[in-house]
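Visitor: I'd like a close look at how this chain is put together and packed inside. Let's start with the overall layout and work inward.

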Amino acid sequence: MTKKQGYTTGALHTPFPKGDVYNSLHMPIYDSVAYEFDTSQDIEEVFTGKEVAHMYSRTSNPTVEYFEKKLKKVTEAKSVVALSSGMAAISNTLLALVEPGGNVVTSDHLFGHTYALLKDTLTSWGIEVKFVDMSQPQEVEMAIDAKTRVLFFETITNPQLEVADITALSTIAHAHRVAVVVDSTLTPPYVFKSSDFGVDVEVMSTTKFISGGAAAVGGAIVDNGVFDWSQMPALTKWSHRFAGNELVSRIRKEIFRHLGACMTAHTAHFMNLGMDILALRVDRCVENCLQLGVFFEKKSKIKSVSYPGLKSHPNYTLSLKQFSGKPGAVMSIDLESKSHCYRLMDALQVVRRATNLNDNKTLIIHPWSTIYAEFSDEEKLKMQNRDTMLRISVGIEDVEDLIADFEMALSKV
Ligand SMILES: *Cc1c(COP(=O)(O)O)cnc(C)c1O
């Protein structure tokens with residue numbers, strides 16, 4: 001190989017793990033639970049780890065394996081695991097890395113269910129969680145102690161749209177031998193190369209940009225292969241047989257297998273299709289988002305617009321650098337009041353009222369009264385949520401239609 005291939009060429013032409021018996025050009029859906037062996041010796045070799053083969057689809061499946069291979073190719077990672085959801089990717093990673101008594105340093109600007117996973121579920125299993133302001137590196141450094149195993153944050157938070165200075169945060173974590181785990185859902189591999197910014201493990205909800213039109217729920221763990229896992233108390237047992245690949249070995253052979261967090265072959269099929277055309281969709285979403293943002297900035301009924309691709313965003317320069325000039329397609333706008341937000345939402349005819357992100361369709365939601373409904377007003381304010389705010393995830397429609405829809409809806413506010 002001479003020159004490194006681009007994202008789309010790489011994704012489209014990732015070779016199958018094994019030749020297909022019918023020479024099919026597209027990876028088939030291998031919808032089988034179990035796989036047959038010719039002899040009893042063959043099956044023993046696989047169960048004892050001397051040979052590698054699929055045996056049961058909770059632990060591995062050919063269509064899922066191909067999705068992992070595609071993701072590994074485009075991220076140039078050491079290992080990739082596909083899982084049943086983004087939440088499974090996050091929980092499996094943290095359960096594999098942090099022992100009871102160990103802690104995670106993170107921010108309270110997180111996807112709502114991730115925040116609840118950390119605050120309620122992991123805490124109840126003896127994992128300590130420290131919430132700090134990720135925009136203040138000194139605060140992050142002060143929170144790290146001898147029991148800190150992971151620094152966890154999102155590349156761009158939602159709905160606050162705060163952009164992490166990933167290199168600065170990784171440098172602090174690594175100075176204390178803490179692993180950097182980043183949720184990159186809003187900035188998929190086509191725009192964000194996590195290893196360039198010191199990220200050790202990327203976790204993502206492939207439900208969003210990757211699935212291609214919100215076709216299926218899924219997640220992935222990407223180990224860039226740079227962190228020395230033999231340093232991690234929770235992984236020392238795995239160093240003996242799996243040196244260098246302790247994290248993914250523990251996930252595959254223990255956590256993921258025992259929690260049953262597997263992706264199905266049908267889901268992997270959607271992910272494989274979605275990966276192929278990801279770049280086309282992302283480019284269009286980003287372009288639409290930018291144009292809508294510029295339109296919103298001229299509207300007096302809109303009090304503020306937040307999108308890292310706009311010059312008005314405080315992290316504009318950092319975003320361009322980290323995300324190849326394409327900082328996702330989620331933005332937020334503030335109106336005068338909650339009732340104005342509801343009136344705008346209810347008048348829209350093209351834009352859909354729905355949760356989910358990075359669908360092909362443009363989606364709008366009032367986070368305060370929905371995604372964050374389970375939290376107290378005080379907690380919501382702490383998470384920089386406002387009842388005057390709407391979150392918009394911009395899709396691939398013809399942008400004139402989106403602008404016309406908002407123009408019409410704003411006239412009703
Ligand atoms: C949606 C989302 C998740 C959770 O992913 P699921 O696939 O719904 O489990 C995690 N993090 C972020 C940033 C998300 O947007």
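Into which domains is the chain divided?

Guide: There's domain 1 (9–275) and domain 2 (279–410), with bounds from an automatic or database domain assignment. Bear in mind that this is a predicted model, where local features need pLDDT of at least 70, side-chain atom pairs count only at pLDDT 80 or more, and totals for chains, interfaces and linings use all residues. Numbering runs from 1 along each chain as its sequence is written, and side-chain values use heavy atoms, leaving out hydrogens and water.

The C-alpha centres of domain 1 and domain 2 are 28 Å apart. Where they meet, domain 1 puts in 35 residues and domain 2 puts in 38 (contact is heavy atoms within 4.5 Å).

Now the packing. The largest nonpolar core numbers 79 residues, and Phe296 and Phe406 have the most contacts inside it. (Such a core joins buried Ala, Val, Leu, Ile, Met, Phe, Trp, Tyr and Cys through side-chain atoms within 4.5 Å; buried is under 20% relative accessible area, exposed over 50%, partly exposed in between, with a 1.4 Å probe and protein chains only.) Helix H11 (residues 278–297) is its top contributor, with nine residues; helices are DSSP H or I runs of at least four residues, strands E runs of at least two, numbered from the N terminus. Both domain 1 and domain 2 supply at least three residues to this core. Leaving aside residues up to four places away in sequence, Phe406 touches Leu292, Phe295, Phe296, Leu344, Leu348, Val351, Ile364 and Ile392. A second, separate core of 42 residues includes Leu118, Leu122, Phe227 and Ile365.

Take a look at Asn385 too, in the loop between helix H14 (377–382) and strand S12 (389–393). Asn385 counts as buried because its relative accessibility is 1%. Its contacts, again skipping residues up to four places away in sequence, are Pro159, Pro367, Trp368, Tyr372 and Lys380. Asn158 sits 227 residues from Asn385 along the chain, yet their C-alpha atoms are 9.8 Å apart.

As for empty space, there are two cavities of 30 Å³ or more (on a 1 Å grid over the protein atoms alone, points where a 1.4 Å probe fits but cannot get out; lining residues have an atom within 4 Å of a point). The largest, about 40 Å³, is lined by Ser107, His109, Met134, Phe153, Glu154, Thr157, Glu162 and Ala164. The second largest is about 30 Å³, and its lining includes Pro188, Met204 and Phe209. Volume here is the space filled by probe spheres set on the points, which are joined across faces, edges and corners.

Methods:
1 Å grid on protein atoms, 1.4 Å probe; cavity = no way out; pocket = protein on both sides within 12 Å on 5 of 7 lines; lining within 4 Å.
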